[in-house]
Number of protein chains: 2
Amino acid sequence: MNKMGAQNLTVIKPGGTIGILGGGQLGRMIAMAAARLGYKSHIYCPDRRSPAFQTAHQFTIAEYEDEESLEVFAKSVDVVTYEFENVPAQTADIVARHTLLRPGANALKVAQDRLVEKDFLNDSGVKTAPYAAFTTREELDVAIKTIGRPCVAKTRRFGYDGKGQMMIKARADIDNVLEVTAGAPAILEGFIKFDREISVIVARSESGDVAAFPVGENVHTDHILDTTKIPATLKPAIEAKAKVMATRIANALEYIGILTVEMFVVDATNEVIVNEIAPRVHNSGHWTIEGAVTSQFEQHVRAICGLPLGSPVAKGRVEMKNLLGEDILEYEKYLLDETAHFHHYGKLEPRKGRKMGHVTWVFENE
Amino acid sequence: MNKMGAQNLTVIKPGGTIGILGGGQLGRMIAMAAARLGYKSHIYCPDRRSPAFQTAHQFTIAEYEDEESLEVFAKSVDVVTYEFENVPAQTADIVARHTLLRPGANALKVAQDRLVEKDFLNDSGVKTAPYAAFTTREELDVAIKTIGRPCVAKTRRFGYDGKGQMMIKARADIDNVLEVTAGAPAILEGFIKFDREISVIVARSESGDVAAFPVGENVHTDHILDTTKIPATLKPAIEAKAKVMATRIANALEYIGILTVEMFVVDATNEVIVNEIAPRVHNSGHWTIEGAVTSQFEQHVRAICGLPLGSPVAKGRVEMKNLLGEDILEYEKYLLDETAHFHHYGKLEPRKGRKMGHVTWVFENE
């Protein structure tokens, strides 16, 4: 690791080592992109069957609360990044004491708590659904009155793939909500009748350069991402607006790396509303591996290592489909399809709903 | 590993483990392609700083003569392949006793000895330069009389990147040749005044399917590959002839995996002459990573695992350039070039002439 350039920016040259907190498929694909650029990866994950271990130079099997292991890990690498937003604040602090943490702890703090996130977004001038915090029945009652029904109650922390989210349509739903939140801090959000859900994935470098990938349109099934399509069905002005919003968020966070912003679009009113942010590479960006000039994984490595950002331009029309559970057993179908790029994450048990792989189709000449 | 299909072909499903003899950049890139399809890789190499260790699930540091380590290695994987042709016959035998070896030992036997190779090629009906074996001065004299000057003396074994090759123009060169061969079996070959050198890379599956990549045209500098360009400057009939020759060789060897055949082309006479074969993925095939629908590395994995072969079609005009020694320090130039795909092999010392990485340019819309 050394410093160079007029702004005294940090550059980690190819040959250096990237530490990754988390050993899932996102860490696995970051490690693969890092390797192409000559970086070694060191994965830190408590699960001894982590798929990312299969493609990394080194791994540490230890808990995120294990201070000693974290210190050894942090000291063995040139920069640490993460593949999931629920990295404990304490873990991030320990790492940051011994090496670079990119993106920084601030991005984690904002993304881990739906209330902090909503406050931050609105303070940054970015529109979200109306929201109110609640813990007690009384607070929830007030919140419902303010926001109206239908609305969605969510736990403030540790939500993903729709977990910890409950729709409130009738008063009868309230008991169920309070049973689930069980006195933990929660948030009530207005229900947005959106026409489409989009992902805006941007990379930001230490020097403040921002590169936005073309906006992807997502379809979820049972709250899990099913497909992402490029380009999204959007008016050019709306796509531009969405990119400006994501860029504003990245700048406000003084972000370094890939940032994903999920948004809802209401066609009739041209509204673009931020649903949530993920301070990491994202499932809805897998299409970039073959579909963009630079993949989100390579772009993330470039950003956190201080290399110039690559082009985010799409090579054509692209479609990405997740392979969940036993979908993965159909691999031969995809291997026989000359337009398909098949990815298998190396997980052995195809449990229902588990992300086992994905397929990307690139239609270059359309 | 299990058997399926009418022909009782061996299929190693994604999730299985591929053993790779050799830990250089070729093994590294095989491991990376294998990972995308869900395979784990186990690299076997005596050099503890092998670049392939950085991208593999597991590695064994041991000599190729270490029978015990080889046995443990072979038993831990579903199939073994290799990234260099000088795998000792004994090593191949030990591996093959405990697991599948693909390509087989026969391909190694043929490729390791220039005399055996030339005999095999001519027996298969494929044209080579005129040649004669020699060991003594008397045999060399007779060979020169038969073949004529200029001609090229080569050691029969362990040649690569021009090592062990000596041009004989005048009688005065003979002493030097005999000093170098020093009584070891050697071969004298007629010197071909070729217009271009090409690589024909084919994949062959256990079922006998063959897929040939578009022919690449190579430029060497100081006997080391400098660039490969796709398409080669060839008449269509000559390109077709070259592919037929490579396919014939693959069939004659009952080959499984990627086979590379280097050929010389004489434009005026339309002659296509085989120079040598390499029973492995090849530097002249690196362009396929971004430039072909399926890369040579993925194709090799598909072939040795019994998956259907992918499409070898090129995506456009492609150019690959090796980065030797300190060329690698110019990485920023390539990262800034939006048409360039930069590859760094993770080797730390940029020694002169050492293959440190490569760059591929794909011009899709030409």
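Is B:Glu349 buried, partly exposed or exposed? B:Glu349 counts as partly exposed, because its relative accessibility is 34%. The residue belongs to a predicted model, and its salt-bridge partner is taken up below, after an outline of chain A and of the interface.

**Confidence and domains**

Chain A has a mean pLDDT of 94, and 96% of its residues are at 70 or more. Residues 1-5 of chain A are an exception to high values, as pLDDT stays under 50 there. For this segment the model has 14 contacts beyond four places in sequence. Those contacts rest on positions to which the predictor gives a pLDDT under 50.

Three domains divide chain A: domain 1 covers 2-101, domain 2 covers 130-190 and domain 3 covers 196-363. The centres of domain 2 and domain 3 of chain A, taken over C-alpha atoms, are 29 Å apart.

**Interface of chain A and chain B**

The contact between the two chains involves 37 residues of chain A and 37 residues of chain B. About 3400 Å² of area is buried between chain A and chain B, and carbon and sulfur atoms give 56% of this area. On the side of chain A, the residues that lose the most area to chain B are A:Arg36, A:Gln54 and A:Leu335, which together make up 19% of what that side buries.

Polar contact joins 10 residue pairs between chain A and chain B, counting pairs with both residues at pLDDT 80 or more. The rule also finds 2 salt bridges across this interface. In one salt bridge, A:Arg36 pairs with B:Glu290, and the closest N and O atoms are 4.0 Å apart. Several elements of chain A supply at least two residues each to the side that touches chain B: α1 (25-36), α10 (296-305), α11 (331-335) and β19 (340-344).

**Salt bridges within the chains**

Over all chains, the structure holds 40 salt bridges. Three that lie within a chain are set out here with the separation of the N and O atoms.

| Arg residue | Acidic residue | N to O separation |
|---|---|---|
| A:Arg137 | A:Asp175 | 2.8 Å |
| B:Arg49 | B:Glu349 | 3.0 Å |
| B:Arg171 | B:Asp141 | 3.2 Å |

What does the salt bridge of A:Arg137 and A:Asp175 tie together? A:Arg137 lies in helix α6 (residues 137-147) of chain A and A:Asp175 in helix α7 (residues 173-181) of chain A, so the pair ties together parts that are 38 residues apart in sequence. A:Arg137 counts as partly exposed, at 40% relative accessibility. A:Asp175 also counts as partly exposed, at 45%.

The salt bridge between B:Arg49 and B:Glu349 has its closest N and O atoms 3.0 Å apart. This pair links distant parts of the chain, 300 residues apart. B:Arg49 is in the loop between β4 (40-44) and β5 (58-60) of chain B, and B:Glu349 is in the loop between β19 (340-344) and β20 (355-363) of chain B. With a relative accessible area of 60%, B:Arg49 is exposed, whereas B:Glu349 counts as partly exposed at 34%.

The side chains of B:Arg171 and B:Asp141 also meet in a salt bridge, at 3.2 Å from N to O. B:Arg171 lies in the loop between β10 (165-168) and α7 of chain B and B:Asp141 lies in helix α6 (residues 137-147) of chain B, so this pair ties together parts that are 30 residues apart in sequence. B:Arg171 is exposed, with a relative accessible area of 51%. B:Asp141 counts as partly exposed, at 23% relative accessibility.

Salt bridges that share partners also form a network, which joins A:Arg36, A:Glu298, A:Arg302 and B:Glu290.

**Two further residues**

A:Gln299 is found in helix α10 of chain A. A:Gln299 counts as buried because its relative accessibility is 0%. Residues up to four places away in sequence aside, A:Gln299 touches A:Ala203, A:Ala211, A:Phe213, A:Ile258, A:Thr294, A:Leu309 and A:Gly310.

B:Ala184 is in the loop between α7 (173-181) and β11 (186-190) of chain B. At 33% relative accessibility, B:Ala184 counts as partly exposed. Apart from neighbours within four places in sequence, B:Ala184 is in contact with B:Phe134 and B:Thr135. B:Ala184 and B:Glu319 are 135 residues apart along the chain, and 39 Å separate their C-alpha atoms.

Terms used. Residues numbered from 1 in each chain as written. Chains lettered and ligands numbered in written order. Heavy atoms only, no water. pLDDT = per-residue confidence, 0-100. Contact = heavy atoms within 4.5 Å. Helix = DSSP H or I, 4+ residues; strand = E, 2+ residues; numbered from the N terminus. Buried < 20%, exposed > 50% of the residue type's maximum accessible area, 1.4 Å probe, protein only. Domains from an automatic or database assignment. Buried area = accessible area lost by both parts, 1.4 Å probe. Polar contact = N/O pair within 3.5 Å; in protein donor to acceptor, adjacent residues only side chain to side chain.
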